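Work through the exercises below with the structure in view. Try each task before you read its solution.

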Amino acid sequence: MAEDKEITGASEVDAPVSKAKADSVTSGKVKVNFGVHIPELGETYSKADLECDQEAIDHLIEIKSKAITILKR
Amino acid sequence: MKAIKAILLLGTAATFSMLLGGFFAQAIGAPHMAVPIASGLFAASFIPKGDYSFLDTVTPDLSKLTTSFVQFGGKILRKHVNGMNLKGGITPYLGVSVPQAMTKLSALGGPRPYREQDDTDGNGAEFSDRTLNVFQSKWDFNVDPEVYRGKYLAAVQMGATKAPFYEYIIDQVGTEYISAIGNVTVGKGVRNSNGSGAIDIADGWITIAATECAKANPELIAKAIGAINATNGVEKVETFAESQPAWWREKGFVIKCSWGTFDAYKKRYRTLNGYKFEPNESGKYALDGMSNVFLEPVAFITNDGLLGVVYDALAYGTDGDRIQVAASMRRNIIEVRLMMPVGCEFEDIECISVSDNLLAA
């Protein structure tokens with residue numbers, strides 16, 4: 001079983017974005033690093049909020065935010 | 001007997017003086033000086049015995065030497081580095097000899113409609129603070145003058161004057177010292193007293209912000225702006241600016257970014273508008289429609305993150321008394337230790353705003 005690999009650089013995140021977008025934070029494929037305010041959604045999320053809000057996570061994946069780390073299996 | 005001994009000594013001194021005087025006079029090609037030189041040597045033989053050790057403590061003045069070599073050398077190119085950029089958003093604290101509290105006063109409660117009764121519950125003043133600590137740093141090195149003596153590096157033009165080569169070397173080390181602190185320490189520095197690099201000297205502003213966000217400080221919540229590139233630079237920076245509180249907007253603030261982000265903004269601006277991104281009459285780059293919000297590239301940010309600052313709340317601390325150049329001699333080796341205390345903090349964390357990508361590892 002392959003170990004999870006953290007994608008930390010912006011350029012590395014580019015390729016798997018479309019696939020990663022379908023991933024669920026609850027399935028353990030996205031790690032939330034800290035809470036954020038998302039201006040486009042007009043909402044502030046704590047780390048715990050983000051961990052159970054798929055819409056916010058999808059947005060963060062879309063904009064390549066470093067508030068989350070996509071875990072690649 | 002004593003008289004005979006004295007006469008013999010006198011005769012010996014006179015004889016040697018005449019011989020040596022004649023020899024020196026011939027050697028220098030001036031035989032007519034034989035008598036004066038011999039007389040001088042004879043007189044010198046009467047100088048009494050005594051303690052002349054003080055002569056050993058006289059330091060030779062070699063400063064004249066430094067001007068003789070520079071004429072042979074060409075221009076010396078120095079490694080060019082950034083200086084310390086203490087422009088917008090930064091307040092220097094220059095005398096931090098002990099941890100310095102930066103005290104903030106807030107009023108509790110608020111105004112309310114008039115009524116006759118007292119309503120003082122919950123009203124008053126509140127003080128809070130953040131503490132600026134500075135940590136001593138150093139740069140040790142040795143200079144062996146013999147490596148350079150007689151070479152064109154023996155003296156160089158430094159400003160309007162010629163400087164001895166070792167001063168020139170120390171000056172260059174000092175320049176690169178400041179550069180390392182300005183480029184590395186104040187940004188992503190992480191205090192590690194056992195470390196060996198500029199990044200270990202003190203916590204930088206980015207590190208402090210990351211720490212506050214990681215512990216969910218409600219006064220510093222990162223703005224989710226995401227990646228910035230040449231296809232979205234203007235939109236992303238404007239989103240960041242527009243998401244700040246109204247009092248920020250009224251006061252005006254600085255957005256610090258990397259040169260890469262600045263380039264992305266510039267290119268996107270040109271694409272959108274068909275003309276270049278121009279500075280205002282003060283040389284500052286104001287955002288469109290926000291004449292009091294300025295984009296400022298800095299070396300200590302190296303990714304696509306943004307750091308917003310209002311009221312110059314980035315505190316940079318040092319201690320003038322402990323900025324030192326200690327130099328000593330070991331044989332002919334000049335041992336030098338440059339020292340400078342460094343510390344970073346936020347004066348008021350409500351005056352700081354960060355984008356999510358600034359905090360990336």
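The exercises look at one helix and one residue of chain B in a predicted model.

**Exercise 1.** Check whether the length of helix α9 of chain B agrees or disagrees with its residue count.

Solution. Helix α9(B) covers residues 259-273, which makes 15 residues. The rise is 1.5 Å a residue, taken over one less than the number of residues. The expected span is therefore 21 Å. The end C-alpha atoms lie 21 Å apart, so the two agree.

**Exercise 2.** Find how the buried residues of α9(B) are arranged around its axis.

Solution. First list them: B:Thr261, B:Phe262, B:Ala264, B:Tyr265, B:Arg268 and B:Tyr269 are buried. Now look down the axis of α9(B). The buried residues fall within an arc of 160°, so they line one face of the helix. The general rule helps here. An α-helix has 3.6 residues a turn, so residues three or four places apart point the same way. Next, turn to the face away from the buried side: it carries the exposed residues B:Trp259 and B:Thr271. Last, see what covers the buried residues of α9(B): the cover includes α7 (233-242), β8 (253-257) and β10 (290-297) of chain B.

**Exercise 3.** Name the residue that follows α9(B) and give the sign of its phi.

Solution. B:Gly274 comes after the helix. Its phi is positive, near 80°.

**Exercise 4.** Decide whether B:Tyr93 is buried, partly exposed or exposed.

Solution. Locate B:Tyr93 in strand β1 (residues 90-93) of chain B. Count its C-beta neighbours inside 10 Å: there are 17. Buried needs 20 or more, and exposed needs 12 or fewer. B:Tyr93 is therefore partly exposed. Beyond four places in sequence, its contacts are B:Gln100, B:Leu132, B:Ala315, B:Tyr316 and B:Gly317.

Notes: Residues numbered from 1 in each chain as written. Chains lettered and ligands numbered in written order. Predicted model: local features only at pLDDT ≥ 70, side-chain atom pairs only at ≥ 80, totals over all residues. Helix = DSSP H or I, 4+ residues; strand = E, 2+ residues; numbered from the N terminus. Contact = placed C-beta atoms within 7 Å. Arc of directions from axis to C-beta.
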